[in-house]
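Subject: Structure for your review

Dear colleague,

Please find the structure below, together with its sequence. My account of what was found in it follows.

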Amino acid sequence: EKMLETLRNTAKIMSERARSFKVSVELDPMSPNERRIIHSFLQGIPDIKTESQGFGDTRRVVIKYVEHVSVPEI
């Protein structure tokens, strides 16, 4: 439970950093279960995208800011 709370707090803080600075933020390497928690927690946030990068023990989550462009109605 403590690990889950720590991962959610990390995801929240780092996604806010990505949004504020409009940059991608790389997290430290994590286990597959930890990465899945981060992806799930940030899923559905319109201007934040997550992806895993790297291989094996160095695989990590990258939190990306995605700027939305509004499409004019026709």
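Serine 15 is a convenient place to begin, and it lies in helix H1; helices (H or I, at least four residues) and strands (E, at least two) are DSSP runs, numbered from the N terminus. The model is a predicted one, in which local features need pLDDT of at least 70 and side-chain atom pairs count only at pLDDT 80 or more, while totals for chains, interfaces and linings use all residues. Residues are numbered from 1 along each chain as its sequence is written, and side-chain values use heavy atoms, with hydrogens and water left out.

With a relative accessible area of 5%, serine 15 is buried; the term means under 20% relative accessible area, with exposed over 50% and partly exposed in between (1.4 Å probe, protein chains only). Its side chain reaches the backbone oxygen of lysine 12 at 2.9 Å. Leaving aside neighbours within four places in sequence, serine 15 is in contact (heavy atoms within 4.5 Å) with Leu42, Ile48 and Ile63.

Threonine 10 also belongs to helix H1, which covers residues 2–21. This residue counts as partly exposed, at 26% relative accessibility. Its C-alpha atom is separated by 15 Å from that of asparagine 33, 23 residues apart along the chain.

After helix H1 comes lysine 22, placed in the loop between H1 and E1. Lysine 22 counts as exposed at 52% relative accessibility, and its phi is near 55 degrees, a positive value in a residue other than glycine.

Turning to the sheet, three strands form an open arrangement in the order E1-E3-E2, with antiparallel pairing; two strands pair if DSSP finds at least two bridges between them. Strand E1 (25–26) and strand E2 (48–53) stand at the edges with a single partner strand each, so one side of each is left without a neighbour in the sheet. E1 and E3 run antiparallel and are joined by two bridges, and glutamate 26 stands opposite valine 62 in E3.

Both helices pack on these strands. H1 lies across E1, E2 and E3, running at about 40 degrees to E3, whereas H2 lies across E2 and E3 and runs at about 165 degrees to E2. Axes here are lines fitted to C-alpha atoms, for helices over the stretch in contact, and angles run from 0 to 180 degrees between N-to-C directions.

The largest nonpolar core has 13 residues, and those with the most contacts inside it are Leu27, Ile38, Leu42 and Ile63. Such a core is a set of buried Ala, Val, Leu, Ile, Met, Phe, Trp, Tyr and Cys residues joined through side-chain atoms within 4.5 Å. Two or more residues come from each of H1, helix H2 (32–42) and strand E3 (60–65), and H1 gives the most, with four residues. Not counting neighbours within four places in sequence, leucine 27 is in contact with Thr10, Met14, Ile38, Arg60, Val61 and Ile63.

Finally, lysine 64 has its place in strand E3 and counts as partly exposed at 24% relative accessibility. The C-alpha atoms of lysine 64 and isoleucine 48, 16 residues apart along the chain, are separated by 5.6 Å. Beyond four places in sequence, lysine 64 touches Ser24, Asp47, Ile48, Lys49, Glu51 and Gln53. The side chains of lysine 64 and glutamate 51 make a polar contact at 3.2 Å (a pair of N or O atoms within 3.5 Å; within protein, one must be able to donate a hydrogen and the other to accept it, and residues adjacent in sequence count only if both atoms are side-chain atoms).

Yours sincerely
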